[in-house]
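Got a minute for a quick tour? Have a look at the fold below before reading on.

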Amino acid sequence: MNARRTAPAVGEAAGVGEAAGVGVVAAGRAVELLRAHADHPSAVLALNEGTSRYAGRSREGLVAYTRRGRRDVVQFAAPFARPEDRGGLLEEFWAHLAAGPGPAPRVTAAQVARADVPLYAERGFTVNQLGCTYGIDLARFTVRGKPLAKVRQNVNRARREGVTVVEADPGDLKDRRELDAIDARWLAGKGRHVKELSFLIGERGGPAGPLRRTFLARHQGRTVGYISYSPVWGARSGWLYDLTRRSPSAPVGTVELVNLTALARFREEGAGWLHLGLTPFAGFRDAHEPACSSRGLGRALRWVAEHGRLVYPARSQEAFKLKWAPHVIEPEYVAFHDGVGLPAVWHLLRATGAV
């Protein structure tokens, strides 16, 4: 099916259909579908509270997305379904969006895995690298050697300062209050220009809340930081390093100590992988760009990578992940229907919280 002729028309009628429950999937069913079909390190983000979810009717699977205005839909990753069903589910989803009158849509898919690029290229999308995702094979991980020297140095410093790490009790009201306070201080400290990528990162609550595990850093009797981890399904199953917060008073090395503690726990439990997630605007390579990419967009994204600290601190995020000597570094993509237009780019940035 040709996407340029059959892509969805997004209008008010589609919104009414969703409100009435057409194609909408409950959180419990969404978790079942992800467990069965997800093979993406960040698939759990499909469960974010502000994200809409469409369940396939003719094919079993799930599509996660958010709306921006009347004409724009930003989809998270490719459909979560069997590989042979993804194309059909994508077109079924478009038909769902097309219910009722409305102008031609602009559909953008963010965090598309490399294996799913042909799915969009064959349907007329323009596809460019968005960044890279990073994964640690826990069976091969070692803290010894030169690659982890900086991690060892920071971890030892935090330990000398008296930082300890414990896994949070989800039912402990005191833990939750301390995490709320850290969140408030962290967001205030980032300033008005730097914003987190709200569509592409996890959250403490929401439908995936019960699936997450959180490790706390404590110093002088107070919680000064935390990292939450979410489950990863598929070929490289394990855990996703999801959400990080630290107090300005946290000693140097606090984050590294928390992550190393959690990593060791997961390995003891038999987990296969610890994924560090997507860093947008990082790891660009000419070899990563598919034939259906836009040269102009590629130049713009690379400019952000080099100079766009106020949009997203890509360099510092990439440096932190490379410090853990990941065994897998893979590109992830953004796909635009009917070419790249300024409104679509703008809505992508708005949907992700980058502007």
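What follows is a short briefing on the whole protein and then on one strand and its partners.

This is a predicted model, so keep in mind that local features here need pLDDT of at least 70. The secondary structure adds up to 11 helices and 11 strands. The spotlight goes to strand β9, residues 238–246.

**The whole protein**
- Of the 355 residues in the protein, 54% are buried.
- If you take the contacts with a separation of 6 or more, 77% of them link residues 24 or more positions apart.
- About 15800 Å² of the protein is exposed, and 52% of that comes from carbon and sulfur atoms.

**How β9 sits**
- Strand β9 is largely enclosed by the rest of the structure, because 7 of its 9 residues are buried.

**The β8 side**
- Strand β8 (residues 222–232) runs antiparallel to β9, and 8 bridges join the two.
- Within this pairing, V232 sits opposite G238 of β9.
- The two strands, β8 and β9, make a hairpin with 5 residues between them.
- In that turn, G234 has a positive phi of about 110°.

**The β10 side**
- With strand β10 (residues 273–280), β9 pairs in the parallel sense, over 3 bridges.
- Here L240 is found opposite H275 in β10.
- Helix α8 (residues 254–268) joins β9 and β10 in a β-α-β unit, and that unit is right-handed.

**Putting it together**
- So which way do the neighbours of β9 run: β8 is antiparallel to β9, while β10 is parallel to β9.

Conventions. Residues numbered from 1 in each chain as written. Predicted model: local features only at pLDDT ≥ 70, side-chain atom pairs only at ≥ 80, totals over all residues. Heavy atoms only, no water. Buried < 20%, exposed > 50% of the residue type's maximum accessible area, 1.4 Å probe, protein only. Helix = DSSP H or I, 4+ residues; strand = E, 2+ residues; numbered from the N terminus. Pairing = 2+ DSSP bridges. Right-handed = clockwise from strand over helix to strand, strands pointing away. Contact = heavy atoms within 4.5 Å. Areas by Shrake-Rupley, 256 points an atom, 1.4 Å probe, with all protein chains shown as cover.
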